[in-house]
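Here's a quick briefing on the structure shown below. Have a look at the helices first, then at a few individual residues.

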Amino acid sequence: MLFQPRTDEMLFVLAQVLRGPQRLQALAPFGEVDAELIGQLVEEAGKFVASVIAPLNRSGDEHGVRLVAGQVSTPPGFRAAYQAFWQAGWPALAAATEDGGQGLPAVLEAMLFEMLSAANHGWTMAPDLLHGAYDCIKHHGTDELKARYLPKLASGEWLATMCLTEAQAGSDLGLVRTRAVAQPDGSYQLSGSKIFISGGEHDLSDNIVHLVLARLPDSAPGPKGLSLFLVPKFMPDGARSAVHCEHIEEKMGLHGSATCVMRFDAATSWIIGEPGRGLNAMFVMMNSARLHVALQGIGLLEAAWQKADAYARERRQMRAPGRTAAQAAPAADGSRLPDLIGEHPAMRRILDSQRAWIDAGRVIAYHTALELDIARHHPDSARRAAAQRWCSLTTPVLKAAFTHQAFHGGSDCLQVFGGHGYVRESGIEQHVRDARVTMIYEGSNEIQAIDLLVRKVLPDGAQAFDLWLDALRAELAPQQAADARLLARLDRLQAATARLLQATARNDTLAYWVAEDFLRAVALTLLDWAWCQIAATSAGGSPRWQAPAQALEHWIMPELSMRLAIIDTQAACERAAETP
Ligand SMILES: Cc1cc2nc3c(=O)[nH]c(=O)nc-3n(C[C@H](O)[C@H](O)[C@H](O)COP(=O)(O)OP(=O)(O)OC[C@H]3O[C@@H](n4cnc5c(N)ncnc54)[C@H](O)[C@@H]3O)c2cc1C
């Protein structure tokens, strides 16, 4: 069964739940972006994804990528699909018109990449970093670099990589050893080895633009001494540059994506941004790259859910509790058939709970994509600051919570198939294998939790977080029972945060012990908020939306009390957990 984009449901979230078209039209660059245009684009994207990208998912997984004499070949059909993709203008959606892009809102790109990831995560790894690289050069590149690279990256004719990780430098980029030495002509010679580089080498595009973190000879140790460089696979004069793929990893999943060890041998490069400010330049990519990984999670969970839902509607086993033989479907011989798997409470609970995560995930992710554009284009500086705050606090939560759910919820969807899920034929095991890495890359989920609590919530005494909570409250209607319940939950979260803040003043390791609990608590309140937004629409009461809303309340939200209890118990201790 191939993944089928449900564009009507995606558009419902954007237009009805979030009033996206109205919000966008209030921003100067998007005055013409109405519901009709959005609808047409999303429908067209859905057709392209379903007809060109989804059919390559299984064969891409089975064939995998190959490295022969330094050249990586991608699975059959991948290059043709990529050429069709960029020539149809899909990578250019959100790039600026002056660079040849279409100047459309980030949320459209987000919806496109959610569908692509659901259809074929391995293939989608190649264009996924494109827009981040484009943004990075646009904000920090010299005019010469912009002129040379922005149009090709905006169109997607050339692809890009992000080369951060080294064997000894994973989460801790301060340990990066790759060196860059200035040359008289203003370029740099870059030498070192990077590992785990997605799309470091492939045959999808005619050139690859590597963005590489490296250290200048006189730089300070640690992350502050890092600078960012651009190294093309092919130089402006067409010569091959001194960057090579030495090895590609054998992986648990994502077989259609080449994960490369890249060697730079005094490769000619150019600096992006100020010396020593490389991580700063990279951070331009971070919010949008992390949002894209969250969308991978939402897409992969949707793909797994579609398969499990279809299976649960055809597989029959036993009589489901609460159902009588008279209610069961008749067999050809007049007897009664066993009930459908989807009628058994344990399976219904799995399916409705994953649906609750996916639908809420779309509300939160699309809202965040809208806020990215508001942060850039709103005429009011206070509104821009509020949007920036939303993106900064919500993005790590989205990334960690929805990648966690893609793997764990995807595994629950596999459970719906019983043994048939564990064998290759059903196709669902690929989603589970592919999803696992999303919890690790683009800042592991542990790093996201620390980013949220230790770097963003605690340092200003939770002031920004309190404003963020107020932004959630502002969109609730206390007379609605569900909204009133959420308001009480937001108060509990705020109170627990205040107690945690006091306790961390006495114990400087406490925050690290409970960072995951804090992120989960925030994720759950966001989920609840998203469902209150859905309930406020006219469709909120229909069975399609009611079942997952109930699953949220029955099976998902109880975790909030557990997480807050862990935080409170640790905050009340003289010492948090036992120091290792
Ligand atoms: C398929 C794939 C594709 C990738 N693509 C790219 C790419 O395109 N470009 C690129 O540069 N990199 C890429 N990576 C690398 C990826 O970003 C790193 O694997 C990731 O940052 C984690 O680094 P590490 O593997 O060295 O783990 P480590 O940093 O060694 O971490 C090991 C474990 O310890 C935890 N940990 C580490 N530090 C802390 C801390 N301070 N507090 C709490 N827990 C901590 C981590 O969360 C993790 O669970 C890719 C990796 C994979 C597997």
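Helices α18 and α19 are roughly antiparallel to each other, because angles over 145 degrees count that way and their axes cross at roughly 155 degrees. Keep in mind that this is a predicted model. The notes below start with that pair, go on to a second helix pair, and finish with some single residues.

**The α18 and α19 pair**

- The axes of α18 and α19 (residues 543-556) come within 11 Å, and the crossing is left-handed.
- On the α18 side, the contact is made by Leu524, Leu527, Asp528, Trp531, Ile534 and Ala535.
- Facing them from α19 are Trp545, Ala549, Leu552 and Ile556.

**α18 by itself**

- α18 runs over residues 510-535, and its 26 residues should span 38 Å at 1.5 Å a residue.
- The end C-alpha atoms of α18 are in fact 37 Å apart, which agrees with that expectation.
- α18 isn't free of bends, though: there's a kink of about 40 degrees centred on glutamate 516.
- Most of α18 is covered, with 23 of its 26 residues buried.

**α11 and its partner α12**

- α11 takes in residues 345-377, so 33 residues in total, and its first and last C-alpha atoms are 48 Å apart, close to the 48 Å expected at 1.5 Å a residue.
- α11 is mostly covered too, as 27 of its 33 residues are buried.
- α12 (residues 381-416) packs against α11 at an angle of about 155 degrees, with the axes 8 Å apart.
- That angle is over 145 degrees, so α11 and α12 are roughly antiparallel to each other.
- The α11 and α12 crossing is left-handed.

**Tyrosine 366, a residue of α11**

- Tyrosine 366 sits in helix α11.
- It's buried because it has 25 other C-beta atoms within 10 Å, and 20 or more is enough to count.
- Leaving out residues up to four places away in sequence, tyrosine 366 touches Val13, Leu14, Leu18, Gly20, Val107 and Ala110.
- Arginine 263 is 103 residues from tyrosine 366 in sequence, and their C-alpha atoms are 38 Å apart in space.

**Two positive phi values**

- Most residues other than glycine have a negative phi, so positive values are worth a glance.
- Alanine 266 has a phi near 50 degrees and is found in strand β9 (residues 259-272).
- With 14 other C-beta atoms within 10 Å, alanine 266 is partly exposed, because that count falls between the 12 or fewer of an exposed residue and the 20 or more of a buried one.
- Glutamate 442 has a phi near 60 degrees, and its place is in the loop between α14 (428-436) and α15 (445-457).
- Glutamate 442 is buried, with 27 other C-beta atoms within 10 Å.

**Alanine 69, out in a loop**

- Alanine 69 lies in the loop between β1 (66-68) and β2 (71-73).
- It's exposed, since there are 4 other C-beta atoms within 10 Å and 12 or fewer counts as exposed.
- Cysteine 245 is 176 residues away from alanine 69 along the chain, yet the C-alpha atoms of the two are separated by 9.3 Å.

Technical notes: Residues are numbered from 1 along each chain as its sequence is written. This is a predicted model: local features need pLDDT of at least 70, side-chain atom pairs count only at pLDDT 80 or more; totals for chains, interfaces and linings use all residues. Helices (H or I, at least four residues) and strands (E, at least two) are DSSP runs, numbered from the N terminus. The bend at a residue is the angle between axes fitted to the seven residues ending there and the seven starting there. Axes are lines fitted to C-alpha atoms, for helices over the stretch in contact, and angles run from 0 to 180 degrees between N-to-C directions. Angles under 35 degrees count as roughly parallel, over 145 as roughly antiparallel, 65 to 115 as roughly perpendicular and the rest as oblique. A crossing is left-handed if the near helix is turned anticlockwise from the far one by less than a right angle, and right-handed if clockwise. Two residues are in contact if their C-beta atoms, placed from the backbone, lie within 7 Å.
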